Amino acid sequence: MPAPGPRRRRFLREVAGFAAVGSLAYAADLGLFVWLRGPAGLDPLTAKALSFLAGCSVAYAGNALGTYRHTAARGPRRYVIFFGVNIAGALVQLLCIAVSHYGLGFTSPRADTVSGAGIGMALATALRFWGTRSLVFRGEGRVGSWTG
């Protein structure tokens, strides 16, 4: 099997960087949520809203300074677009839970976890990758479309 070409290697590095940054953002979101719900004593919606904002900020910084550091995209406008892409991803996860729980009748906690944190997370991650790449950090520093 031939070695992957330069375009494919760049794309795989981009995917790996996006995944690494996403893992850090998820850890920040989860850690802050647990702390805000526990020792800080905030209600769950406030805690989740704040932890989501922090997770988005970590992801934006990581992608801007790491994965997409060679693009010209910087500034508050890009962060707003990035935040919107992440809101869309969160809505995809909620939609997966709603369809599974209320539409299909899978009402167990396990089913909610599979639909939201499994299927929903996979679909949301694909949407976030596409949106981050296409809408936020588009331009120089990349070769071609991620679809080929």
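Leaving aside its neighbours within four places in sequence, which residues is N63 in contact with? In this predicted model, the residues that N63 touches beyond that window are F18, V21, Y68, R69, F82, T132 and F137. N63 itself has its place in helix 2, which covers residues 44-67. With a relative accessible area of 2%, N63 counts as buried, because the cut-off for that label is under 20%. The side chain of N63 also makes a polar contact, at 3.4 Å, with the side chain of T67.

Three of the residues in contact with N63, namely Y68, F82 and F137, lead on to the aromatic rings. A search of the whole structure returns 8 aromatic pairs. In one of them, the ring centres of Y60 and Y79 are 5.4 Å apart and the planes stand at 90°, so this pair is edge-to-face. The two tyrosines come from distant parts of the chain, with Y60 in helix 2 and Y79 in helix 3 (residues 76-103), 19 residues apart. Y60 is buried, its relative accessible area being 11%. Y60 also forms an edge-to-face pair with F82, at 5.5 Å centre to centre and with 65° between the planes. Since Y60 lies in helix 2 and F82 in helix 3, this pair ties together parts that are 22 residues apart in sequence. Both partners, Y60 and F82, are buried. Taken together, F52, Y60, Y68, Y79, F82, F83 and F137 make up one aromatic cluster.

Charged side chains offer a second set of links. Side chains of opposite charge can pair when their charged atoms come close. The whole-structure search finds 2 salt bridges. One joins the side chains of R133 and E14, with an N to O distance of 2.5 Å. This bridge links distant parts of the chain, R133 being in helix 4 (residues 109-136) and E14 in helix 1 (residues 6-37), 119 residues apart. R133 is buried, at a relative accessible area of 3%, and E14 is buried too, at 8%.

D29 and K48 also form a salt bridge, their closest N and O atoms lying 2.7 Å apart. D29 is in helix 1 and K48 in helix 2, so the pair ties together parts separated by 19 residues in sequence. Here D29 is buried, with a relative accessible area of 12%, whereas K48 is partly exposed, with 36%. K48 has an aromatic partner as well: its charged end sits over the ring of F33, 5.7 Å from the ring centre.

How values were computed:
Residues numbered from 1 in each chain as written. Predicted model: local features only at pLDDT ≥ 70, side-chain atom pairs only at ≥ 80, totals over all residues. Heavy atoms only, no water. Helix = DSSP H or I, 4+ residues; strand = E, 2+ residues; numbered from the N terminus. Buried < 20%, exposed > 50% of the residue type's maximum accessible area, 1.4 Å probe, protein only. Polar contact = N/O pair within 3.5 Å; in protein donor to acceptor, adjacent residues only side chain to side chain. Contact = heavy atoms within 4.5 Å. Phe/Tyr/Trp six-rings, centres within 6.5 Å; stacked < 30°, edge-to-face > 60°. Lys NZ or Arg CZ within 6 Å of the ring centre and 35° of its normal. Salt bridge = Lys/Arg side-chain N within 4 Å of Asp/Glu carboxyl O.
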